[in-house]
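Have a look at the model below and give it a slow turn before reading on. We'll start with the overall picture and then work through the helices and a few single residues.

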Amino acid sequence: MRFGRNFRGILNDLKRDDKTAAKELGIPVGLLCDYLEGKTSMPYSLIDRASEIWPVSRRDFFPFEDDTNNGLVFM
């Protein structure tokens, strides 16, 4: 589910609707919606494809989880 929200954010940043994004990725719109809703895991090959055609890094597809307290690490 979190991956889907992150992917939706990427599409919003790129100003892509579902239909346009699916066409550019070469997949059916229904399958893209399954990825966005978290019903299906997105294959790495599709992440590679997206990073080739759009100005995004592969890392952008993987949500970062902050493991610090209030953004700071005390050592």
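What follows is a walk through the fold, from the whole chain down to individual side chains.

First, a caveat to keep in mind: this is a predicted model. Its secondary structure is quickly told, with four helices and zero strands. Reading from the N terminus, the order is simply α-α-α-α.

How do the dimensions come out? The C-alpha trace spans about 50 × 25 × 20 Å along its principal axes. The radius of gyration is 14 Å, whereas a compact globule of 75 residues would have one near 11 Å. Of the 75 residues, 28% are buried. As for how the chain comes back on itself, take the contacts between residues at least 6 apart in sequence: 54% of them join residues at least 24 apart.

Now to the helices, beginning with α2 and α3. Helix α2 covers residues 18-25 and helix α3 covers residues 29-37. Their axes lie 9 Å apart and the helices pack at an angle of about 110 degrees. An angle from 65 to 115 degrees counts as roughly perpendicular, and α2 and α3 are therefore roughly perpendicular to each other. On the α2 side, the contact is made by D18, K19, A21, A22 and L25. On the α3 side, V29, L32, C33 and L36 take part. Sorted by class, the residues of this contact are seven nonpolar, two charged and no polar.

Helix α3 also meets α1, which runs over residues 2-13. How do α1 and α3 cross? Their axes come within 6 Å, at roughly 120 degrees. That makes α1 and α3 oblique to each other. Here G4, R5, F7, R8 and L11 of α1 meet L32, Y35 and L36 of α3. The contact of α1 with α3 has five nonpolar, one polar and two charged residues. If L32 and L36 look familiar, that is because α3 also uses both of them in its contact with α2.

Which residues of α3 are buried? They are L32, Y35 and L36. Looking down the axis of α3, you'd see these buried residues fall within an arc of 95 degrees, so they line one face of the helix. The cover over that face includes α1, α2 and α4. C33 is also in helix α3, but with 21% relative accessibility it counts as partly exposed. The cut-off for buried is under 20%. The C-alpha atoms of C33 and I47 are separated by 15 Å, with the two residues 14 apart along the chain. Just after α3 comes G38, with a positive phi of about 80 degrees.

Next, α4, which takes in residues 44-53. Its buried residues are L46, I47, A50 and S51. They fall within an arc of 140 degrees when seen down the helix axis, so they too line one face of their helix. On the other side of α4, S45 and E52 are exposed. What covers the buried residues of α4 includes α1, α2 and α3.

S51 is worth a stop of its own. This serine sits in helix α4, and its relative accessibility of 15% is why S51 counts as buried. Which residues does S51 touch, leaving out those up to four places away in sequence? They are V56, S57 and R58.

Back towards the N terminus, R5 belongs to helix α1. R5 is one of the residues that meet α3, yet at 55% relative accessibility R5 counts as exposed. Along the chain, R5 and F61 are 56 residues apart, and their C-alpha atoms are separated by 10.0 Å.

One last residue to click on is K15, in the loop between α1 and α2. Is K15 buried or exposed? Its relative accessibility is 71%, so K15 counts as exposed. The backbone of K15 has a phi near 60 degrees, a positive value in a residue other than glycine.

Conventions. Residues numbered from 1 in each chain as written. Predicted model: local features only at pLDDT ≥ 70, side-chain atom pairs only at ≥ 80, totals over all residues. Heavy atoms only, no water. Axes fitted to C-alpha atoms, helices over the stretch in contact; angles between N-to-C directions. Helix = DSSP H or I, 4+ residues; strand = E, 2+ residues; numbered from the N terminus. Parallel < 35°, antiparallel > 145°, perpendicular 65-115°, else oblique. Contact = heavy atoms within 4.5 Å. Nonpolar A, V, L, I, M, F, W, Y, C, P; charged D, E, K, R; others polar. Buried < 20%, exposed > 50% of the residue type's maximum accessible area, 1.4 Å probe, protein only. Arc of directions from axis to C-beta. Rg over C-alpha atoms; globule rule 2.2 N^0.38 Å.
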